[in-house]
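Colleague: I should be grateful for a close look at a single part of this chain, explained for a first-year student. Please begin with one residue and its surroundings, and then turn to the sheet.

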Amino acid sequence: MITNTDAWTYEPLPKDRVLSIDPVARGYGFVVVEAEPLVLIDWGVRTCARKSAAHCELSLGSLIGRYEPTAIVIEDPSESRMLRRASLDAFLAGVSDLLASSGVPVFTYSRAQVRIAFGSGGIWTKDAIAAALAERFPEIIPRLPKPRRFFDSEDVRMSIFDALSFAVTHLAADHRERRHAVRR
Amino acid sequence: LRNYLKTYRKRSGLSQRELTYLLGQKHRAKVSRYERNERTPALRTLIGYETIFRVVLRDLFRGVFVDIAPGILDRARTLSRVLDGQQRTRAVGQKVDFLNKVIESLRPKP
């Protein structure tokens, strides 16, 4: 018996579902986020780069097939530093056919744009952005690495927070600010 | 997205193996198939999910709910119109009131 009809009110399915990926040496970190309300759907790190180039494409293809994102977000290689640019370019070259065939628009953002998006709250560093995101999405607190010391290499789990920061930047961006990646 | 089973499981921090145990299932593969929408859980399992995550089924299977809600809304409106055309007894009035509540609640938010 229905006792509380208010509970039946529903919202239509979200129009925006963003798959954000952050390539790292071993593979890539990813998040799937839905907008309005902002909900984190899935997140994780996929280790694929050491297996084969095709493995990353296969793994990303399964994510696209499963979540049917309306946008894919990735760091802008042209705005990155030299080594980072090389690794982003290599990753994108490996998955370019998949991205082209999926038909999902790909958007790119630079680190500077992420800092601007979070900067209004006085949050500038990667660690501070990650901590702010963990506060907003408590479900990923267990994945939050300890702040990095200068002699440490970056924890691979940070790629989840990087991917999430790009997704949030994309959703916060005005449509005019959104920049389509050039398909290779 | 048809279901959000994986989202709620990951939010809980439970592994598929642990959830399989909680649901009283034997094989983890089943939970994986439910999450990938390759298999529909049995009624007992569905109620198990609802109980464990404390989330109503229409939120766990939001895609399915949003699929069927417009149909229910249409049929509720049709039935309400048909009943409105009938002689207004107490029983008919009760049905119409109930259907109006269903219609109101199934109207998607703009």
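Modeller: The residue chosen is Asp127(A), which belongs to helix H4 of chain A, the stretch covering residues 126–136. It should be kept in mind that this is a predicted model. Is Asp127(A) buried, partly exposed or exposed? Its relative accessibility is 28%, and because buried means under 20% and exposed over 50%, Asp127(A) counts as partly exposed.

Leaving aside residues up to four places away in sequence, Asp127(A) touches Pro147(A), Arg148(A) and Met158(A). For Arg148(A) there is a further detail: a polar atom of the Asp127(A) side chain lies 3.5 Å from the backbone nitrogen of Arg148(A). Ala25(A), by comparison, is separated from Asp127(A) by 102 residues in sequence, and the two C-alpha atoms are 19 Å apart in space.

The sheet may now be considered. Strands of a sheet pair through backbone hydrogen bonds, in either a parallel or an antiparallel manner. In chain A, 5 strands form an open sheet with mixed pairing, in the order E3-E2-E1-E4-E5. Strand E3 (39–47) and strand E5 (106–109) stand at the edges with a single partner strand each, so one side of each has no neighbour in the sheet. On average, and with direction ignored, neighbouring strands of this sheet are turned by 20 degrees against each other.

One pairing can be followed in detail. Strand E1 (residues 17–23) and strand E2 (residues 27–34) of chain A run antiparallel and are joined by 7 bridges. Within this pairing, Leu19(A) stands opposite Val32(A) of E2(A).

Notes. Residues are numbered from 1 along each chain as its sequence is written. Chains are lettered from A and ligands numbered from 1 in the order in which they are written. This is a predicted model: local features need pLDDT of at least 70, side-chain atom pairs count only at pLDDT 80 or more; totals for chains, interfaces and linings use all residues. Side-chain values use heavy atoms; hydrogens and water are left out. Two strands pair if DSSP finds at least two bridges between them. Helices (H or I, at least four residues) and strands (E, at least two) are DSSP runs, numbered from the N terminus. Axes are lines fitted to C-alpha atoms, for helices over the stretch in contact, and angles run from 0 to 180 degrees between N-to-C directions. Buried means under 20% relative accessible area, exposed over 50%, partly exposed in between (1.4 Å probe, protein chains only). Contact means heavy atoms within 4.5 Å. A polar contact is a pair of N or O atoms within 3.5 Å; within protein, one must be able to donate a hydrogen and the other to accept it, and residues adjacent in sequence count only if both atoms are side-chain atoms.
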